[in-house]
2 protein chains.
Amino acid sequence: MTLHLNLFIIDTGHHEASWRLPESDPLSHLDIAYHQRIAQIAERAKFDSVFLADSPAQFGDPGRRPSGRIEPTILLTALAAVTSRIGLIATASTTYNEPFNLARRFSSLDHVSGGRAGWNIVTTAGDDAARNFGLDAQPAHVQRYERAAEFVEVSKKLWDSWEDDAIVADKASGVHALKDKVHPINHVGRFFSVQGPLNAPRSPQGHPLLVQAGSSEDGKDFAAKHAEAVFTAQQTLEDAIAFYQDVKRRAVAFGRDPDHVKILPGLVPVIGSTEAEALAAEEELDRLIAPEYARANLAKLLKVPAERLDLDRPLPDDLPTEEEIEGAKSRYTLIVELARRENLTVRQLIGRLGGGRGHKTFAGTPEQVADTIEHWYRSGAADGFNIMPAVLPSGLEVFADQVLPILRARGLFRTEYTGTTLREHYGLPRPANQFELVAV
Amino acid sequence: MTLHLNLFIIDTGHHEASWRLPESDPLSHLDIAYHQRIAQIAERAKFDSVFLADSPAQFGDPGRRPSGRIEPTILLTALAAVTSRIGLIATASTTYNEPFNLARRFSSLDHVSGGRAGWNIVTTAGDDAARNFGLDAQPAHVQRYERAAEFVEVSKKLWDSWEDDAIVADKASGVHALKDKVHPINHVGRFFSVQGPLNAPRSPQGHPLLVQAGSSEDGKDFAAKHAEAVFTAQQTLEDAIAFYQDVKRRAVAFGRDPDHVKILPGLVPVIGSTEAEALAAEEELDRLIAPEYARANLAKLLKVPAERLDLDRPLPDDLPTEEEIEGAKSRYTLIVELARRENLTVRQLIGRLGGGRGHKTFAGTPEQVADTIEHWYRSGAADGFNIMPAVLPSGLEVFADQVLPILRARGLFRTEYTGTTLREHYGLPRPANQFELVAV
């Protein structure tokens with residue numbers, strides 16, 4: 001068993017100020033060739049997958065960093081055209097889509113890519129998104145997760161609605177597909193009524209790989225029930241181990257094989273040839289964060305007026321509790337606990353979040369980064385990592401050229417792909433078809 | 001002024017039995033490389049655009065012909081990756097999408113393709129689609145068109161929500177985009193409430209090219225108000241001229257330049273080196289139509305039980321009127337009028353529809369096809385054509401190699417692209433930004 005590595009792609013890098021570096025092209029977020037180049041570097045490095053975050057809303061001040069992006073299933077299709085093995089994971093919202101449309105898009109991406117599609121299932125926090133879809137405010141957290149569960153159930157039915165051997169394409173008899181192997185799903189539920197079948201034959205992977213990233217109680221249950229890979233933000237090894245054990249235990253309680261839920265904490269590496277060089281690079285990035293944007297953004301996450309956050313003081317004592325938060329609950333708690341644990345000022349907290357936004361940042365030499373990865377992996381904190389370079393493409397190139405050889409020398413990461421689909425990269429089975437099971 | 005030509009791409013060709021020919025690959029509908037090859041042939045031939053039809057439902061018996069396709073905006077993204085000039089037009093429904101999601105997808109396709117996206121706006125007839133989205137039956141025709149009008153209005157606001165010069169990407173000051181050039185749209189209407197802005201900068205064409213294909217009274221008004229290209233099914237030159245004049249007149253009444261609404265009737269050419277050879281090829285295709293599928297399909301369109309359609313008799317006298325049809329009204333009337341005018345039996349009608357499905361079929365030599373095209377064009381029946389080869393890719397290759405040289409020799413079609421965007425190919429202006437106009 002070896003590590004699984006996913007590359008998080010976001011314009012000039014995960015650090016919010018990365019676009020301000022001399023090396024960065026601040027218009028890269030709209031440049032397809034740039035994204036294709038990054039995907040090709042990641043494929044040469046044998047990453048399991050690349051991943052795009054998403055929300056159907058313009059978030060925050062467009063001054064802060066490159067914003068306004070290509071819709072992920074479209075961008076990943078453009079990446080599929082120039083790659084052949086690497087997995088392609090898109091974030092999409094169950095709150096602001098219809099299952100027929102979205103299940104179909106992921107089926108299409110899986111067909112187009114020859115079985116490399118993954119869906120990061122999100123319920124989408126925030127009122128800005130809600131207001132783009134006729135609502136005044138986001139639906140309650142618990143309701144979003146109930147809808148998400150039914151959404152995934154409907155999607156699986158749609159992906160299974162064509163049996164794998166439905167198409168016979170018999171020119172002589174003039175029968176293209178067998179009608180009795182193409183099933184209406186006739187789903188009637190609390191949120192959705194969907195007749196089906198999907199208007200697409202079953203895709204190479206059967207279902208796209210299902211990914212989830214919420215770490216609230218609702219989120220962990222959802223992940224344990226449905227997800228095959230979990231992207232998570234963990235600041236400490238101790239928390240990461242607890243999260244890992246918690247999700248695996250829940251998966252077993254739902255009757256699942258815990259090996260079929262891969263836990264991948266985010267890691268934001270800032271790599272230098274010496275530790276001092278790495279720390280200086282990190283400091284330079286943090287220095288470029290514009291505090292007025294970051295403070296407004298933090299205030300929005302914490303549901304307090306921006307003027308209550310004094311840059312040179314700790315967070316106010318009277319913040320809301322996680323129960324009062326209807327948005328990204330686990331992210332909220334992580335940020336507040338980080339600030340309290342390390343007694344950070346708002347300015348210091350902004351620095352930490354500007355780089356990691358809740359994910360673990362690590363500045364060090366290639367050897368130190370490899371050591372951290374190995375330590376977390378061997379400690380039972382992770383099945384792999386969601387690598388989020390602070391600066392792209394350079395942070396990916398350094399990781400591929402200097403960290404991966406160390407991990408390979410230690411037998412921790414593949415030297416070649418052994419499969420062709422994303423499920424094969426992650427060691428996950430192709431799902432059985434629920435309609436074939438019924439027929440037997 | 002010269003002709004505009006669009007290529008209609010559908011698996012092995014427009015004729016429903018084309019997949020049964022020895023030359024056809026009956027699995028091509030899921031083969032991206034096949035579609036990429038066709039788009040490249042069309043681009044070498046300097047077609048204005050390629051076009052994909054769509055409905056969010058599995059339509060009819062999957063035995064009949066290849067069905068279950070790649071979602072069009074995804075398939076066109078895969079085509080954009082291997083072409084650089086040809087326009088890319090996807091059909092998408094205003095009844096079964098949300099404006100924010102769909103406007104965003106077309107913006108993305110326009111960004112990805114460097115300004116080559118077009119949207120064929122449809123309201124989607126049929127109860128099967130409705131039942132995939134929580135409804136028991138399709139909304140009434142007039143309501144679908146009212147929703148479509150507001151949907152387009154919202155989409156245009158979203159596409160304009162970033163001014164063209166919003167991005168400054170000033171590394172020194174740390175300002176990426178100017179907040180006061182990114183506008184919430186705050187749309188509140190009968191069908192939609194959308195806050196905006198779109199989470200994407202304005203795309204190369206400003207708006208994708210807007211295409212429409214309905215020919216009912218509602219459809220013609222919609223086209224005259226919003227469409228920049230109209231795909232239409234016309235059987236006779238006389239009807240085509242009347243339609244052309246009608247839509248252009250309505251466009252003028254709405255205050256538009258009639259040259260900014262291009263009328264493109266569908267043409268299904270079956271080409272042979274002699275007329276007899278062409279007719280034999282058409283007959284062979286019609287012979288391969290399985291009447292049991294085609295009769296069921298026709299019965300569905302006409303809203304009568306299949307057993308009332310006797311293959312060897314004319315259509316029953318007591319069919320519903322167009323007013324009673326809530327689906328594809330103009331297609332219904334066209335089919336009934338064709339059968340009555342030419343006194344066709346159901347079997348003969350099925351043959352005509354299997355090839356053309358309401359579009360004009362024309363079997364002949366390259367010279368005869370070019371003559372027909374020129375005659376319709378010079379008679380004021382068309383600004384160009386939606387070319388729907390009965391068999392693909394061979395029907396496209398013959399058209400490109402043998403018909404286009406004749407049209408070029410007559411000065412009727414381009415020898416090179418003069419622009420890079422779809423709007424430039426069609427001679428249409430880049431739309432002004434409504435938010436910039438307000439600000440002036």
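A residue is buried if 20 or more other C-beta atoms lie within 10 Å of its own, exposed if 12 or fewer, and partly exposed in between, with C-beta atoms placed from the backbone. The exercises below concern a predicted model, in which local features need pLDDT of at least 70, side-chain atom pairs count only at pLDDT 80 or more, and totals for chains, interfaces and linings use all residues. Residues are numbered from 1 along each chain as its sequence is written, and chains are lettered from A and ligands numbered from 1 in the order in which they are written.

**Exercise 1. Two loop residues**

Classify A:Asn186 by burial and B:Lys46 by burial, and place each in its loop.

Solution.
- Step 1: A:Asn186 has 12 other C-beta atoms within 10 Å, so A:Asn186 is exposed.
- Step 2: A:Asn186 sits in the loop between S6 and strand S7 (187-188) of chain A; helices (H or I, at least four residues) and strands (E, at least two) are DSSP runs, numbered from the N terminus.
- Step 3: Although A:Asn186 is not a glycine, its phi is positive, about 45°.
- Step 4: B:Lys46 has 18 other C-beta atoms within 10 Å and is therefore partly exposed.
- Step 5: The loop that holds B:Lys46 runs between H1 and S2 of chain B, and the phi of B:Lys46, a residue other than glycine, is positive and near 70°.

**Exercise 2. Overall form of chain A**

State how the radius of gyration of chain A compares with the globule rule.

Solution.
- Step 1: Chain A has 15 helices and 13 strands.
- Step 2: The radius of gyration (over C-alpha atoms) is set against the globule rule, 2.2 Å times the number of residues to the power 0.38.
- Step 3: For 440 residues the rule gives 22 Å, and the radius of gyration of chain A is 22 Å, close to that value, so chain A is as compact as a globular protein of that length.
- Step 4: The C-alpha trace of chain A spans about 75 × 50 × 40 Å along its principal axes.
- Step 5: Of the 440 residues of chain A, 57% count as buried.

**Exercise 3. The relation between chains A and B**

Find the operation that lays chain A on chain B, and describe the side of chain A that touches chain B.

Solution.
- Step 1: Two copies of a chain are related by a rotation about an axis and a shift along it.
- Step 2: A turn of 180° with a shift of 0.0 Å along the axis lays chain A on chain B with an RMSD of 0.0 Å, after least-squares superposition on the C-alpha atoms of residues with pLDDT of at least 70 in both.
- Step 3: The two copies are therefore related as by a two-fold rotation axis.
- Step 4: The same surface serves both copies, since 98% of the contact residues of chain A recur in chain B.
- Step 5: In total, 61 residues of chain A are in contact with 61 residues of chain B, where contact is taken as C-beta atoms, placed from the backbone, within 7 Å.
- Step 6: Helix H2 (72-80), helix H3 (99-113), strand S6 (175-177) and strand S8 (193-194) of chain A each supply at least two residues of this side, and H3(A) gives the most, with eight residues.
- Step 7: By class, this side of chain A has 30 nonpolar, 18 polar and 13 charged residues; Ala, Val, Leu, Ile, Met, Phe, Trp, Tyr, Cys and Pro count as nonpolar, Asp, Glu, Lys and Arg as charged, and the others, Gly among them, as polar.

**Exercise 4. Helix H2 of chain B**

How many residues of helix H2 (residues 72-80) of chain B are buried, and what covers them?

Solution.
- Step 1: Nine of the nine residues of H2(B) are buried, so this helix is largely enclosed by the rest of the structure.
- Step 2: Among them are B:Pro72, B:Ile74, B:Leu76 and B:Ala80.
- Step 3: The cover includes H2 and H3 of chain A.
- Step 4: From chain B, the cover includes helix H1 (32-44), strand S2 (49-52), strand S3 (87-93) and helix H3 (99-113).

**Exercise 5. A strand residue and a cis peptide**

Is A:Ile387 buried or exposed, and which residues does a cis peptide bond join in chain A?

Solution.
- Step 1: A:Ile387 belongs to strand S13 (residues 384-387) of chain A.
- Step 2: With 26 other C-beta atoms within 10 Å, A:Ile387 is buried.
- Step 3: Leaving aside neighbours within four places in sequence, A:Ile387 is in contact with residues including A:Leu5, A:Phe8, A:Leu267 and A:Phe399.
- Step 4: The cis peptide bond joins A:Gly196 and A:Pro197, with omega about -5°.
- Step 5: A:Pro197 lies in the loop between S8 and strand S9 (209-212) of chain A.

Technical notes. Contact = placed C-beta atoms within 7 Å.
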